[in-house]
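This report introduces a single protein model to a reader who has not met it before. It treats pockets, a cavity, nonpolar cores and salt bridges in turn.

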Amino acid sequence: METPPRGFAPPESFDPAQQMQTLQAGCRTLGIPLTPLQVAQFEVYYQELVEANAKFNLTAITGYEEVQVKHFLDSLVALPLIVEEVGDTLPPATPRHLVDVGTGAGFPGIPLKIVAPQLKLTLMDGTGKKISFLQQVVARLGLRGVEVVQGRAEELGRSPSHRGQYDLVTARAVAPLNTLAEYLLPMARRSGLVVVYKGAGAPQEFVEARKAIETLGGETVRLAPVQVPLLGEQRFILLIKKVAPTPDRYPRGQGLPRKKPLS
Ligand code: SAH
């Protein structure tokens, strides 16, 4: 195994051929290369997730196979589409800055960072206990170039340190698309890409959010049906390019993106 990053200790008696086999098979299907060190990082991430989950609820998905499919592979499924859109390789060679909004226990941000170490990553969430968990995982995995920020997307999207700052903006399972567009588009830089993870309801949500996306400076590139390896459920990845600045009045305060989504 290559030299692990400072601060990262692979699990004792770790054999990369024997562990995370479902993830490894899925990554082969997706065309995403995985080194033994990265396999070890996923293994430790899994252990941290299960351990923290015993103390406070982070996720309902905790089985070894289930986490590999529904959290790890589901998070990685967008990467081939992203690199295709921005004209990069797998793993990406360009150090783009990605913000994962409403990241929870770190999805999709941390799996993306593990397989694409060149990414600079900002993890955002409104909940304090999630933030402490994320800080601990980032340290345990020895991840470099990761910032963990506590706050509400609709407030951070107004602050100069986050507004218009990111090449890539992701979110999975955070809000309906018309609400989400108002959280995410303000953070993307001009020509940046917003990447939304959605389930089977995506086409309908898209119809309801089309106008909002345009108002906020976005242009839809594609709504792609995707197959998460070994998962029998429909998933979609929506790619939105930021083509114009978001007007100053967005995101609105007082919970309005959620209570009165743009239409
Ligand atoms: N993206 C993760 C977590 C989904 S749960 C996953 O796919 O597993 C939704 C998360 O979004 C929660 O952790 C919640 O705290 C966070 N969240 C919801 N609305 C938010 C907002 N307006 N600003 C910041 N975080 C938010």
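Which element gives the largest share of the lining of the second largest pocket? Helix α2 does, with three residues. The model discussed here is a predicted one.

## Pockets and cavity

The second largest pocket has a volume of about 160 Å³. Its lining consists of Glu 2, Pro 5, Thr 35, Leu 37, Gln 38, Gln 41, Lys 113, Ile 114, Pro 117, Gly 142, Leu 143 and Arg 144. Two or more of these residues come from each of α2 and α5 (109-115). By character, the lining divides into five nonpolar, four polar and three charged residues.

The largest pocket holds about 630 Å³ of space. It is lined by 35 residues, and those nearest its centre are Gly 102, Gly 104, Arg 172, Ala 173 and Val 174. Elements that contribute two or more residues to this lining are α3 (64-76), β2 (120-125), α7 (153-156), β5 (188-198) and β7 (235-242). The lining of the largest pocket comprises 16 nonpolar, nine polar and ten charged residues.

The structure also contains one cavity of 30 Å³ or more. The volume of the largest cavity is about 70 Å³. Around the largest cavity lie Leu 79, Ile 82, Val 83, Val 86, Asp 88, Pro 92, Thr 94, Arg 96, Leu 98, Leu 112, Leu 119 and Leu 168. Helix α4 (residues 79-86) makes the greatest contribution to this lining, four residues. Nine of the lining residues of the largest cavity are nonpolar, one is polar and two are charged.

## Nonpolar cores

The largest nonpolar core has 57 residues, and the members that touch the most others are Tyr 45, Phe 72, Leu 76, Ile 110, Leu 141 and Ile 237. Helix α2 (residues 36-55) supplies the largest share of this core, nine residues. A second core, separate from the largest, has 29 residues, including Val 101, Met 124, Leu 156 and Ile 240.

Phe 72 shows how distant positions meet. With its neighbours within four places in sequence left aside, Phe 72 is in contact with Met 20, Leu 23, Phe 42, Tyr 45, Tyr 46, Val 67, Phe 107 and Pro 111.

One of these contacts, Leu 23, is also among the buried residues of helix α1 (residues 21-30). The others buried in that helix are Thr 22, Gln 24, Gly 26, Cys 27 and Leu 30. Among the elements covering the buried residues of α1 are α2, α3 and α4. Just after α1, Gly 31 adopts a positive phi of about 75 degrees.

## Salt bridges

Side chains of opposite charge can pair when their charged atoms come close. A search of the whole structure yields eleven salt bridges. Three of them are set out below.

| Salt bridge | N to O distance |
|---|---|
| Glu 48 and Arg 140 | 2.4 Å |
| Asp 74 and Arg 172 | 2.8 Å |
| Asp 74 and Arg 235 | 2.9 Å |

The side chains of Glu 48 and Arg 140 meet in a salt bridge. The pair links distant parts of the chain, with Glu 48 in helix α2 and Arg 140 in helix α6 (residues 128-140), 92 residues apart. Is each partner buried or partly exposed? Glu 48 counts as buried because its relative accessibility is 4%, under the limit of 20%. Arg 140 counts as partly exposed because its relative accessibility is 35%, a value between the limits of 20% and 50%.

Asp 74 takes part in two of the tabulated bridges. Its salt bridge with Arg 172 links distant parts of the chain, Asp 74 lying in helix α3 and Arg 172 in strand β4 (residues 166-172), 98 residues apart. Both Asp 74 and Arg 172 are buried.

Asp 74 also forms a salt bridge with Arg 235. Asp 74 is in helix α3 and Arg 235 in strand β7, so this pair ties together parts 161 residues apart in sequence. Arg 235, like Asp 74, is buried. Through salt bridges that share partners, Asp 74, Arg 172, Glu 233 and Arg 235 are joined into one network. Arg 172 belongs to this network, and Arg 172 is also one of the residues nearest the centre of the largest pocket.

Technical notes:
Residues numbered from 1 in each chain as written. Predicted model: local features only at pLDDT ≥ 70, side-chain atom pairs only at ≥ 80, totals over all residues. Heavy atoms only, no water. Core = buried A, V, L, I, M, F, W, Y, C linked by side-chain atoms within 4.5 Å. Buried < 20%, exposed > 50% of the residue type's maximum accessible area, 1.4 Å probe, protein only. Contact = heavy atoms within 4.5 Å. 1 Å grid on protein atoms, 1.4 Å probe; cavity = no way out; pocket = protein on both sides within 12 Å on 5 of 7 lines; lining within 4 Å. Points joined across faces, edges and corners; volume = space filled by probe spheres on them. Nonpolar A, V, L, I, M, F, W, Y, C, P; charged D, E, K, R; others polar. Salt bridge = Lys/Arg side-chain N within 4 Å of Asp/Glu carboxyl O.
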